[in-house]
Amino acid sequence: MTASALVVEDDGLVNEQEGSRDGHLSQRPAEPGPREQSRELSFKECQELDDVPGRMEPLEIAGASKRLGNHNRGLAAGRARRVALAGRAG
């Protein structure tokens, strides 16, 4: 069984990557790079920040649905193969 993780990149994009969460954490640099100085968010940036969860949820659901579909196809193929082999075994 392959696990996947949602990884937030430095540029703010979220990517789904195969493998364990611990594996992704070990690949991250130990020391974060220089950060831009903190400043107040603009009105537009505040709206964008508020909208992020709503934009991410459909993507997360789509990813989960895709994995579930792949899982179900694998189960169906395994069941079909078992029936075929059982039929040949007599």
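Here's a quick briefing on a hairpin, a surface patch and a salt bridge. Keep in mind that this is a predicted model. Strands 1 and 2 make a hairpin, and Val14 in strand 2 also helps build a nonpolar surface patch. Elsewhere in the briefing there's a salt bridge between Arg39 and Glu45.

**The hairpin**

- Strand 1 covers residues 4-8 and runs antiparallel to strand 2, with 5 bridges joining the pair.
- Strand 2 takes in residues 14-18, with Val14 among them.
- Between the two strands sit 5 residues.
- Gly12 lies in that turn and has a positive phi, at about 95°.
- Across the pairing, Val8 stands opposite Val14 of strand 2.

**The nonpolar patch**

- Leu6, Val8 and Val14 together make a nonpolar patch of about 240 Å² on the surface.
- Val14 has a relative accessible area of 34%, so it counts as partly exposed.
- That value also puts Val14 past the patch cut-off, because patch residues need over 30% relative accessible area.
- As a rule, side chains in a regular strand alternate between the two faces of the sheet.

**The salt bridge**

- Searching the whole structure turns up just 1 salt bridge.
- Its partners are the side chains of Arg39 and Glu45, at 3.0 Å from N to O.
- That pair qualifies because the cut-off is within 4 Å.
- Arg39 is exposed, with a relative accessible area of 52%.
- Glu45 is partly exposed, at 25%.

Key: Residues are numbered from 1 along each chain as its sequence is written. This is a predicted model: local features need pLDDT of at least 70, side-chain atom pairs count only at pLDDT 80 or more; totals for chains, interfaces and linings use all residues. Side-chain values use heavy atoms; hydrogens and water are left out. Buried means under 20% relative accessible area, exposed over 50%, partly exposed in between (1.4 Å probe, protein chains only). Patches are made of residues with over 30% relative accessible area and no salt bridge: like charges are joined within 9 Å, nonpolar side chains (Val, Leu, Ile, Met, Phe, Trp, Tyr) within 5 Å. Accessible areas come from the Shrake-Rupley method with a 1.4 Å probe; for residues, only the protein chains shown count as cover. Helices (H or I, at least four residues) and strands (E, at least two) are DSSP runs, numbered from the N terminus. Two strands pair if DSSP finds at least two bridges between them.
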